[in-house]
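Q: Hello! I would like to learn how to read a protein model, one feature at a time. Could you guide me through it?

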Amino acid sequence: MVLSRRTFSAFAGSAALGFSLSGSVSSEASAAGRAPLAPTGPAPGPPAADGRTHTVGFDRYSMLVDGKRLVLWSGEVHPFRLPSPSLWRDVLEKLRAHGYNTISIYVSWNYHSAAPGSYDFTGVRDLDLFLRTAAETGLYVILRPGPYINAEVDAGGFPGWLTVTPGTARTSDPTYLKYVDEWLTAVDRIAARHLYTHGGGTVVLYQLENEYANNVTSPLGRDYMTHLYAKVRADGIDVPLFHNDKGRNGHWAPGTFDTDGETGRYLYAFDGYPSPVGQPPDWGYFGIGGAKGGSTASPETPGFMAEFGGGWFDPWGGAEFDGKGYAESRRTRDAAYERRFYLTNLANGIKIHNVYMTFGGTSWGWLPAPIVYTSYDYGAALDEARRPTEKLIPMHQIGQLLHCVPDLAKLDRAPDVTVGDDTAVKAYPLVNPDTGARFLVLRNDASSETVVQVPLAGSTVPVPVPGLDARLVATGISLGRRTLRHSSAQPMLWLTAGRQDIAVFTGRAGEPTQTAIECASEPTVTVLEGNAGHEYADGLLRVDAPLDGLTRVLVEGGGTAAPLLLLLADDTASGRLWRYDTPSGPVLVHGPELLRSAALRGTAVHLTGDTVAAADLEVWGPRGTTEVVWNQGTVKTRATRSGSLRAVQQLPGVPAVRLPALTNWRRSEENPESAAGFDDSSWRTADKKSSFSVTPVPAGQPVLFADDYGFHYGDVWYRGHFASAGDAESVSLSYVTGAQGLLMAWLDGEPLGTHRMPVPDKKTVRQGTWEATATFPVEPGTRGPHVLSVLVRRMQHDEDGAARDTHKVARGLTAVSFAGASPSLAWRIRGEGAPDRVRGPLNNGGLYGERHGWHLPGFADAGWKVVDLPRAERRQGVVWYRCDFRLAVDTGVDASIGLTLTDDPARAYRVQIFLNGWNMGQYINDVGPQHTFVLPNGLLRTRGSNTLALAVLSDGTTPAGPGQVRLTLLGSAAGGVPVAPVDSPGPAKRGARR
Ligand code: GAL
């Protein structure tokens, strides 16, 4: 479409509305006497462990790395939620490709420490390897080792053993600090090797504590924070430190505690999880700001959002998302939510922006806090099965923009702008005082689309803003050797490839766009692909085009020797455009599902990446590039008028992946502990009189809390012996668990029954603690001795978000009493065996089968009975099922595979799932909502044999499964990363104790 002069004039307007750009705003800046605070230049290239010394600092606008401004565009990823180190690279490459320049990670103390003085950073816990991989991928790292992390993990990251130590955690209590120092010494020894300041890695920021909102003004808190600061510095961590305030309260802002006399090396940060239904918060830059100092509550440090909601978690039963699970979290915090909330954050002055979560992963084993089930998918941009979702696209668009347009790293608020009379659209005008580049974030808080008339650099430009969405428009930014006057589309990136500049603008499919580029004289314009009109007048080339795939407009001449290729990409097309920086210059690739790497060797550009469906491949490389290699195979290409090399044939998609049915199950019952004659003489005697738990020990009774006897995770057994039951009528068992805990009891081997904690709703799940008393009628025979056997599935420890030692709330039995008699019971207790040296302390609880290696590959199950699934048996106790299966996924195919369990939801049973001995989580058939459990490759042998073991706990009130158990293909791609098998030793190497 070529616009007529008449149409063109109808779009053009006047600058009267005040947001005008004349190309002279930099002189306005100097006229205002504002000297640049720091050099403004291109954003630094991707970081690496380059062995060189770097400076990492900040001013009130942004981070300054080697003196260059940098906006950190970060995603939260937890290494401990992906127990397959090879896949860390996959996740990080996917984020880097999609425009993130930073990741933020927690390090979870409990994951690394089975006992005081024991700190393990090997195998799936190899922090050093994770940080190396991040550096190799070109990502900065924000390191958050706690000591407290929250994070929906057991005890908020505190090790089980810490629950039985004296003193109050998260204060300056000396015992607590002694253990904290042990942990920090261990983690900092690794962190110090990866600091960007020394070129050993890419760690640029380090967080102290987590959302510490208590004791803010008391010495207990101040001395604690002071201690952490001094300790971390003493450990050689010399990058800026920060704390993440729970909200923009000003807690722990610089100057509120003693930072060892240091100034300017500590940042203020805060977290935000606003409801996706309301309006995005204005933290202050654009709001009233006032006493709290604008977006930062700390005027001399840059706006820093240490965590901003990228989804949300879901409790057992799925109350948060009405049983719909994480798909609903993703739907309610979708791509438009990201644009609306995150662009508002940028408009509010946030320059360090971390989205929690960006890859949520799996809370495997006994890692999840009571409030969540196994999947920690979170509705994040990259799903639990590592599949890119549409939520990556806005992040990609904005991330690329922040890299290519460094003007965004230093913004002041510009005078207000009126954008027509549509009050639903809020406009945030911003200006870079050094370059004069101007930006306007336009946010539509109404549900229907509107087109606002926006004054942009002398023209009034119609800009469509879809309902509940936002966009950023710019004027005066460089597009290489030309300057953008305005565009109604959002700029995404520009680069110079060969002799031409390439600039990409994006928006929603079907939107009309108008883009004006400064040209000293009339250029030659060729529409290479798509539908676009163009016009030249008054030093401006205007291109009008609806967004539909990838529209290409070649601009030649016009006073600039180098051609400009203008690419107008709808969201889908922008998600197939990949920029990659090489030492010889940037490369732009279009077509495949993912670009992982690009390297230039001679005249060839070597690319690695993924395809799902058959895909085009087009490459713009540095001058002299004549050959393209994709995943080690040379691709036949031809040169295009776009200045690219384009594959003559499409890249193939992924071949079909076939998964076997799971057959040949073997079955074995356990819970011999419930039998009257079971020999428990090797068990620990439970006779302690006092505890450091915050749960009171009932008068006249021994401590029965599992932690006090060294049993911190999973199921715990009790056997109470007594000589005579007298006239006992009933027994009452008081117990405490996390959400969805349960208790089963037997008297002299006969089942008494099961008691379960209720399914949490949105309100109760937050109360944290689940305590109940189960009363069972008893009819003991007159002749003793008797034995009361009790199994408690206690789930996990509470988090300690409010710093009240709630991780020390007891788990297990708390009190036992009889009606009609008062027998004196002698108790023995048994929980988990010695921690699995490879799989870590959180892998196992205290079931008989776990203590005897029934979950492990290679366990001798030949004597077990062969059965078919589904099953329906009624029995109180534990039954195991094991099966072996072989996979033969093609080499070079990254298949994401899950295990899906389904059954009649009335059946009351739960299953612990072990893959090759690794505890992949817990399925509760009558609670849900999770049915599919991701089995990460590496743990899962995709070319080889695997062992599944299911420990089924059923309460005997209904028939129990397993019902249908099958492998599910969650996604597949040709490409992926090389995956090394994760060590999965069998019984011999594990050294389990009985
Ligand atoms: C934050 C906390 C995180 C995590 C998040 C909710 O308040 O810092 O650790 O718990 O909430 O997912």
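Q: In strand E9, which residue is the bridge partner of Asp245?
A: Good place to begin, and do keep in mind that this is a predicted model. Asp245 has Phe270 in E9 as its bridge partner. That pair belongs to the link between strand E8 (residues 241–245) and E9, which run parallel and are joined by 5 bridges.

Q: Which strand pairs with E9 over 3 bridges, and in which sense?
A: Strand E10 (residues 303–309) does, in the parallel sense. Here Gly272 stands opposite Phe308 in E10.

Q: Which residues point one way from E9, and which the other way?
A: The general idea first: side chains in a regular strand alternate between the two faces of the sheet. In our case, Tyr266, Tyr268, Phe270 and Gly272 point one way from E9, while Leu267, Ala269 and Asp271 point the other way.

Q: How many residues of strand E9 are buried?
A: Strand E9 (residues 266–272) is mostly covered, with 7 of its 7 residues buried. The residues pointing either way from E9 are all buried.

Q: Let's try a sheet. What is the order of the strands in the open sheet of 3 strands?
A: The order is E1-E2-E3, and the pairing is antiparallel. Strand E1 (56–58) and strand E3 (68–70) are at the edges with a single partner strand each, so each has one side without a neighbour in the sheet. From one strand to the next, the twist averages 40°.

Q: How many bridges join strand E2 to E3?
A: There are 3 bridges between strand E2 (residues 63–65) and E3, and these strands run antiparallel. To find a landmark, look for Val65, which stands opposite Lys68 in E3.

Q: Now for empty spaces. How many cavities of 30 Å³ or more does the structure hold?
A: It holds 11 of them. The largest cavity has about 80 Å³ of space. Its lining is made of 13 residues, and the closest to its centre are Pro79, Phe80, Val107, His112 and Leu127. Strand E5 (102–106) and helix H4 (109–112) are the elements that give two or more residues to this lining. Sorted by class, the lining of the largest cavity has 9 nonpolar, 2 polar and 2 charged residues.

Q: Where does the second largest cavity lie?
A: A good way to place a cavity is to ask which parts of the chain line it. Domain 1 (52–389) and domain 3 (847–974) both give residues to the lining of the second largest cavity, so it lies between them. Its volume is about 60 Å³. Among the lining residues are Trp316, Trp366, Met795 and Gln922. Strand E50 (residues 918–924) gives the most to this lining, with 3 residues. The classes here are 4 nonpolar, 7 polar and no charged.

Q: And pockets? How much space lies in the second largest pocket?
A: About 560 Å³. This pocket is lined by 29 residues, and Gly975, Gly976, Val977, Pro978 and Val979 lie nearest its centre. Helix H3 (85–97) is one of the elements that give two or more residues to the lining, and the largest share, 3 residues, comes from H3. By class, the lining of the second largest pocket has 9 nonpolar, 12 polar and 8 charged residues. Because domain 1 (52–389) and domain 3 (847–974) both give residues to the lining, this pocket lies between them.

Q: Let's look at the backbone. Which residues does the cis peptide bond with omega of about -10° join?
A: This bond joins Tyr356 and Met357. Met357 is in strand E11 (residues 350–359). Another cis bond runs from Gly146 to Pro147, with omega near 15°. Pro147 is found in the loop between strand E6 (140–144) and helix H6 (174–191).

Q: One last feature, phi. Is Asp805 buried or exposed?
A: Asp805 is buried, with a relative accessible area of 6%. Its phi is positive, about 60°, although it is not a glycine. You will find Asp805 in the loop between strand E43 (786–793) and strand E44 (812–819). Asp260 also has a positive phi, near 60°, and sits in the loop between E8 and E9. Asp260 is partly exposed, with a relative accessible area of 48%.

Note on methods
Residues numbered from 1 in each chain as written. Predicted model: local features only at pLDDT ≥ 70, side-chain atom pairs only at ≥ 80, totals over all residues. Heavy atoms only, no water. Pairing = 2+ DSSP bridges. Helix = DSSP H or I, 4+ residues; strand = E, 2+ residues; numbered from the N terminus. Axes fitted to C-alpha atoms, helices over the stretch in contact; angles between N-to-C directions. 1 Å grid on protein atoms, 1.4 Å probe; cavity = no way out; pocket = protein on both sides within 12 Å on 5 of 7 lines; lining within 4 Å. Points joined across faces, edges and corners; volume = space filled by probe spheres on them. Nonpolar A, V, L, I, M, F, W, Y, C, P; charged D, E, K, R; others polar. Domains from an automatic or database assignment. Buried < 20%, exposed > 50% of the residue type's maximum accessible area, 1.4 Å probe, protein only.
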